[in-house]
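Hi,

Here is the structure I promised to pass on to you. Have a look at it first, and my notes follow underneath.

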Amino acid sequence: MNQENIDAFKNRLGTDNYEKLARINNPKLNEFIAKYVDLCNPSKVFVSTDSPRDIEYIRNAAICNKEEAELATEGHTIHFDGINDQARDKNQTKFLLPTDVNLGLEISSIGRDEGLKEIHEIMKNIMAGHELYINFFCLGPQNSEFTIPCVQLTDSSYVAHSENLLYRQGYKDFVRLREHARFFKFIHSQGELVEAGLGLLVSKNLDKRRVYIDLMDDVIYSTNTQYGGNTIGLKKLAMRLAINRASKEGWLTEHMLIMGVHGPGERISYFTGAFPSMCGKTSTAMIDGEKIVGDDIAYIRNIYGGIRAVNVEKGIFGIIDGINAVDDPLQWKALHKPSEIIFSNILVTNNRTPYWNGKDDKPPKKGVNFAGEWTPDKKNKEGKTMPFSHKNARFTFDMNILDNVDPNLDDPKGVLISGFIYGGRDSDTWVPVEEAFDWAHGIITKGASLESETTAATLGKEGVRVFNPMSNLDFLSIPIGQYIEDNLKIIGRLDKPPRVFSVNYFLKDKDGKFMTLKNDKHIWLKWMELRVNNEADAIKTPTGLIPEYKDLKDLFKKVLNKNYSEEDYVKQFTLRIPENIAKIDRLTEIYKTRVTDTPKIVFKVLEEQKERLEKTRKAHGDYVSPETLKKIKV
């Protein structure tokens with residue numbers, strides 16, 4: 001910038017805020033900020049450093065600006081999103097691509113020049129009358145091979161407050177790196193606001209809701225929305241940028257939890273796990289008695305002699321629907337602590353306490369939620385009884401309030417991964433837990449073959465089974481075939497790569513009832529921990545390796561103090577051949593028609609699995625019990 005522009009920029013920010021940026025001494029950063037201050041035209045600008053004072057300023061602003069309201073418990077606040085702004089907007093989330101770049105049919109895009117023109121027109125004066133908050137964060141632990149510095153510009157104090165809970169502060173890293181910082185950039189505006197329940201303000205112009213990703217300049221644009229999945233830039237939006245960078249550099253950005261599972265003695269084995277929204281991902285990471293490193297996003301590298309992973313975040317933006325004291329004791333306890341927690345899109349009772357769908361407490365007779373005043377007989381626009389809270393209602397807190405947070409959360413080297421887990425909503429095909437034959441078999445038949453029924457976490461119809469490789473399709477910024485290749489190659493020449501497992505918490509019987517209970521997942525985790533340490537046997541089937549009854553019976557008694565019947569075991573682990581073959585046929589068709597760069601090995605591995613299934617069906621029928629599978633040679 002020339003001196004005239006510097007002076008104008010300094011006047012817009014004020015001396016104190018300008019000096020905060022001057023300490024960073026990064027001309028590219030200043031140019032980016034100056035450009036969007038001028039375009040968005042906020043009435044005030046606040047630059048946040050890592051200081052407790054600056055963090056407190058933003059927390060207080062969220063209350064003063066009526067984006068959050070205080071609840072009865074100290075530190076608890078409530079935020080509402082608009083009625084039609086409570087999930088990721090997949091239709092208006094697009095990549096800005098030059099004419100010579102094609103990411104494939106499954107990835108939504110718009111021409112870069114066209115998209116930039118449109119988003120800049122929407123953003124012109126969009127922050128008039130608002131305060132702009134400039135925040136600095138780190139994705140991944142600080143001072144690590146995994147670290148990516150980020151700058152967030154937003155006029156939403158709720159978004160800035162959420163990010164202060166979710167991410168490690170990064171101002172000092174920007175000061176340390178100066179002009180050498182290779183950073184991601186996020187610019188968000190909630191736009192014009194309108195009043196909702198409790199007088200809280202929500203985005204009004206949803207017809208101009210946009211989430212655009214510019215891979216060329218590592219910029220995310222988000223407008224006219226408040227919902228965290230569309231606005232908390234460092235979350236799934238940053239995943240798109242990081243996936244692209246990781247592919248070029250030979251590492252992975254995955255939509256995965258990271259957790260430590262205790263084995264015999266003092267042993268802990270670490271696992272990553274990919275689950276689409278509302279498929280048990282957070283509840284898996286929060287299993288009582290085990291350790292949580294992260295519940296959502298992982299950076300994964302082949303370093304220090306193994307596959308290691310870090311949690312990109314330090315907090316949780318979790319689904320609160322159904323959380324109760326019996327099934328979710330760790331989350332339940334955390335949500336009742338006098339700690340800094342943001343609740344969103346749930347009911348607030350008259351005594352300012354939160355209530356959500358499935359909460360243990362006695363249901364209230366009245367309250368206020370995102371739709372305004374609520375009573376038990378209130379109907380929505382479809383004429384159906386309105387629930388207490390939205391199915392995609394959330395909580396946001398720092399992981400350090402959890403009793404089971406792993407001490408390695410901020411380790412710059414990450415944790416050594418023993419197993420990858422893939423799971424989705426599947427009522428009729430996959431058994432509750434199964435191990436792949438090897439890395440390639442697992443990545444292809446479990447990761448790249450992941451399907452799940454749609455949920456309330458995305459806009460659109462619920463209950464439709466959709467293709468979702470590695471639970472990452474919504475966030476891919478590279479072609480699907482290339483993404484599969486990246487996963488296959490990550491192990492390099494490791495002698496003992498992590499083992500790959502599938503889980504299915506949603507298998508149903510003929511009457512439509514779930515075959516497993518919510519906390520049975522603890523047993524599947526314990527079995528996987530034994531397997532990665534070669535301390536449990538398995539039965540070979542056409543689709544993978546399943547547990548023996550004796551091991552599960554023992555684990556159910558030791559871990560849950562429950563008797564596990566052989567009848568339940570047979571029902572759960574029977575091989576369902578017609579459903580498995582139908583799944584392979586669906587996936588083969590998808591990879592032939594919708595994915596233009598499918599690696600040949602995908603078809604080879606799927607065809608080999610189909611041949612094993614057909615051979616077994618010819619000899620033993622459509623449905624084969626685990627006892628029979630144990631006796632035959634697959």
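The protein chain carries 88 positive and 90 negative side chains, and the centres of the two sets are 2 Å apart. Lys and Arg count as positive, Asp and Glu as negative, while His and the chain ends are not counted; each charge is placed at NZ of Lys, CZ of Arg, CG of Asp or CD of Glu.

Before you go further: this is a predicted model, where local features need pLDDT of at least 70 and side-chain atom pairs pLDDT 80 or more, while totals for chains, interfaces and linings use all residues. Residues are numbered from 1 along each chain as its sequence is written, and side-chain values use heavy atoms, without hydrogens and water.

On overall shape, the C-alpha trace spans about 80 × 60 × 50 Å along its principal axes. The radius of gyration (over C-alpha atoms) is 25 Å, which agrees with the value near 26 Å for a compact globule of 634 residues, the globule rule being 2.2 Å times the number of residues to the power 0.38.

Of those 634 residues, 61% count as buried, meaning under 20% relative accessible area with a 1.4 Å probe, protein chains only. Contacts (heavy atoms within 4.5 Å) reach far along the sequence: among those between residues at least 6 apart, 74% join residues at least 24 apart.

As for cysteines, there are zero disulfides, taking a disulfide as a pair of cysteine sulfur atoms within 2.5 Å. For Cys-138, the nearest cysteine sulfur is that of Cys-150, 7.6 Å away. Cys-138 is buried at 0% relative accessible area, and Cys-279 is buried at 1%.

Best wishes

How values were computed. Buried means under 20% relative accessible area, exposed over 50%, partly exposed in between (1.4 Å probe, protein chains only).
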